[in-house]
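Please open the model in your viewer and keep the sequence beside it, since this tour moves from one selection to the next.

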Amino acid sequence: MEIYRAYKFRLYPNEEQKILIHKTFGCARFVYNYYLNYQKEKGVQKTFDLCKDLKELENQYEYLKEVDSCALRSSIFDLEDGFNNFFAKRSGYPRFKSKFNRQSYRTSCVRGTYKEKEYSNIEVDLLTRNIKLPKIGNVKIKGFRDKDKIEGKIVNATISRESTNKYYVSVLVEEDILIEKIIPTTIVGIDLGIKDLVVTSDGIKYGNLKVLMKFEKRLKRLQRKLSRQEKESKNYLKTKEQIARIYTKIRNYRKHYLNYIANEIVDDHDIIVTESLLVKDMFKDKKKAFNKSLSDACVSTLRSLIEWKCKIKGKYYYKINTYYPSSQICSHCGYKNSKLKDLSIREYDCPKCGSHNDRDINASLNILLEGLKLHYNLASVV
Ligand SMILES: [Zn+2]
């Protein structure tokens, strides 16, 4: 099976390379905006024709020749994606890019042979911690300390500068891996939710990251401060950078925590079942709006992490019906207790069989049972 994996490294360009990277950001943006405008006036064109036209544009604006030409072509492909998404009603009409947005460009990997020697315009050397990028040359990188080689074929590289003034490169790699589906011996149901982020049918609970609340408070304070400061003043920019730093910290904490949870769950079980529920419905309470913003992102990321890890480890992942009332049904006797719509009831005794149920563990047990049905029905059909 072919899978794609992205490796993101911190990038340490020297001053000269920084200048060229910034030029490339600018040129890629220019090409994007130029052809967006072009198509606004003349109607949507074929990407092939735009790429041909790009050659002429390069003759017209000589400075475009200074930068990586793959990056310019990528801009046209991005624009094509933008229009495709628009026509498929997945997003709005493509908008012009501003230099105040996140700065990035993508370049694609080109391979060939020259005098019987194979070469490629993008190469990652993890022994010397260097990446070779078209036009830019060798740049120092940091990250993936435990690896000394990247398996697979490089597809492209995206170079970006975050508002924290740090540079990154994300390298997309195509890997051909052999995956054998394992014979499952364990199953777990997972309730993703409000009070705890994850409750498993084994009775394990993973709470929401408390540290994120602390960051959120600091963030709110800084945003208030920013709104009082004079735009584009020295202090304004300083506050803006502080805010960007906190956002990065939140992202990193969240990423590590979710990966840790997903790894533990997927390593310990062969069949994993979650609900596919719309998190939106779970947070009707406005007081919980804060939790919502955290959980929304966490829940969907966690689900895709689990799905992905199951896939590459040959394990099984199922999502069960959104409207299945997993928390209202007693996992011991099947009695449906509609009083439990009230989310504040955390523990209760089943009126029919008398068993004492923890709301979330009970829900995850029901999710497990639904997944079990799904797994063996599917298996019998195949
Ligand atoms: Zn019961």
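Bear in mind throughout that this is a predicted model. Begin by selecting residue N165, which belongs to the hairpin of β8 and β9, where five residues lie between the strands; there N165 adopts a positive phi near 75°.

Next, extend the selection to the two strands themselves: β8 covers residues 153-161, and it pairs with β9 in the antiparallel sense over eight bridges. To find one place along this pairing, pick I154, which stands opposite V173 in β9.

Keep V173 selected and add R5, because the next pairing can be picked up there: which residue in β9 is the bridge partner of R5? The partner is V173. Now show the whole of strand β1, residues 2-12, together with β9, residues 167-176, and you will find the two strands running antiparallel and joined by ten bridges.

Then leave the strands and select helix α4, residues 210-228, along with helix α5, residues 234-268, whose axes come within 10 Å and cross at roughly 160°. An angle over 145 degrees counts as roughly antiparallel, and that makes α4 roughly antiparallel to α5. The crossing of these two helices is left-handed.

Finally, display the side chains where the helices meet: on the α4 side they include V211, L212, F215, L219, L222 and L226, and on the α5 side Y236, I243, I246, I250 and Y253 are among them. Sorted by class, the contact of α4 with α5 comprises eleven nonpolar, three polar and five charged residues.

Key
Residues numbered from 1 in each chain as written. Predicted model: local features only at pLDDT ≥ 70, side-chain atom pairs only at ≥ 80, totals over all residues. Pairing = 2+ DSSP bridges. Helix = DSSP H or I, 4+ residues; strand = E, 2+ residues; numbered from the N terminus. Axes fitted to C-alpha atoms, helices over the stretch in contact; angles between N-to-C directions. Parallel < 35°, antiparallel > 145°, perpendicular 65-115°, else oblique. Left-handed = near helix turned anticlockwise from the far one by under 90°. Contact = placed C-beta atoms within 7 Å. Nonpolar A, V, L, I, M, F, W, Y, C, P; charged D, E, K, R; others polar.
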